[in-house]
Structures are given as structure tokens and as C-alpha cells.
Amino acid sequence: MRGRPTIYEDDNIIKKAQEVFWQKGYSATSLSDLQKATGAGAGSFYNTFKGGKKEVFKKAIEERRLAFDAFKIELSKSGSPLELIKDFFRSIASAEENEHLKGCIIANTIVEMTFIDENLEDNAVQILKEVEQMFTQAIKNEQIKGNLKTQTDPEILGRYLITFWCGLNTLRRMYPDKNVLKNQIEMQLAVIS
């Protein structure tokens, strides 16, 4: 006879927890917040996530890595990878205000975990470095094909896009206005036009 199912069998459990972490951050999120969001009791929660809140947070961050990995695959198949990258940034402007206020959970994690949890910080840094490498490789490939006018080192441009990403996620909190964001994004993207 099978025992009670664990809450982790619900595919949405990590996404529900991720939403709480995204809004409140790791430190401000309590076990009670996670239980409320997921509908799990303390026993079920701890039976499923032996590492507690930190384990759930790691899994929530890993969900974002998977989203970036999916984008990397899409980028590798694209006939216009630079346009896909530009559209990635442009989509920020059209997001709802609540999305602007959340920013990027990975960038948020780096800022929040500095001096608090080196492991969580390093994991988030690694994810952004992987995204930077994805941008760098796409730029390099487009330069080789002659599809990009600038001959600036692709590594500098890839790092520029990560700098832009992190800055944009602060700017969107300051100015959650679609037109303001659209204009800023287009100005920044001129570097890879």
C-alpha cells in the first residue's frame, strides 16, 4: 500500500514557492509563507524538502536556470539570434507593473546573499555567467557571419548585456512605465545593432 503522496509530486510546488521568494527574497520568506503559498503542512513540507527553506530556494533558482537553458536552445536554432536577444530585453517593457517590482530573482539573489550565504550567491552568479556566455557566443557567431557591425570583443559585449540586464531590473522598479522602459531599452540595444 502506498503512503501519503509528498507535496513535491505537484509540479507547481516549486513555482509557487519561487513566486514567494521572488516577491520577498530569501531572508524575508518564512516557512509559514511557503506553507501558505503551497498549501503544505509543516510535516509534509519537511518530509518533501529535508533541507528546508534553503532546499526549496535552490530548486526555485534552478527553475530559472532551466528557463535560461531553454532560451539558449531557442537562440541556437534561431535564424536571427540578435533579434531574439533584443526581443528578450524588449519584452521587459511590456510586462505588468507587478513584474517590474519583482525584478530578476537571480540578480536579486546575488545582491541579497552577498555576505549572507556564499553558496546561494555563487549559484546565482554562475547562472548569470552562463547567460553572459550565451550572449557572448551568439554575438561572436554573428560577428563571424558579418551580421553585426561592431567589432568590439564579444566578451565585452556579453558582459555589457549582463550589466544592462542587472541595471534594467533596478530601473524597471524605479520607472515601471512601458514607454520609459522601451526608450531606455532601445538606446542600450543600439550597441548590438
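## A salt bridge between Glu19 and Lys102

Let's start with one pair: the side chains of Glu19 and Lys102 form a salt bridge, with N and O 3.0 Å apart. The term salt bridge here asks for a side-chain nitrogen of Lys or Arg within 4 Å of a carboxyl oxygen of Asp or Glu. Helix H1 (13-28) and helix H4 (52-77) each give at least two residues to the side of domain 1 that touches domain 2. H1 brings the largest share of that side, nine residues. Helices are DSSP runs (H or I, at least four residues), and strands are runs of E with at least two, numbered from the N terminus.

A word on the model: it is predicted, with local features needing pLDDT of at least 70 and side-chain atom pairs pLDDT 80 or more, while totals for chains, interfaces and linings use all residues. Residues are numbered from 1 along each chain as its sequence is written, and side-chain values use heavy atoms, leaving out hydrogens and water.

## Where the two domains meet

The protein chain is split into domain 1 (1-64) and domain 2 (78-193), with bounds taken from an automatic or database domain assignment. Their contact involves 14 residues from domain 1 and 16 from domain 2, where contact means heavy atoms within 4.5 Å. The C-alpha centres of the two domains are 28 Å apart.

Together the domains bury about 1,200 Å², 62% of it on carbon and sulfur atoms. Buried area is the accessible area (1.4 Å probe) that two parts lose on being put together, summed over both. The rule also finds two salt bridges across this interface.

## H4 against H5

Now for a pair of helices. The axes of H4 and helix H5 (residues 81-93) come within 10 Å and cross at roughly 145°; these axes are lines fitted to C-alpha atoms, for helices over the stretch in contact, with angles from 0 to 180 degrees between N-to-C directions.

Which residues make the contact? H4 offers Phe68, Phe71, Glu74 and Leu75, while H5 offers Pro81, Leu84, Ile85 and Phe88.

## The whole chain

Stepping back, the protein chain has 10 helices and zero strands. Its C-alpha trace spans about 65 × 35 × 30 Å along the principal axes.
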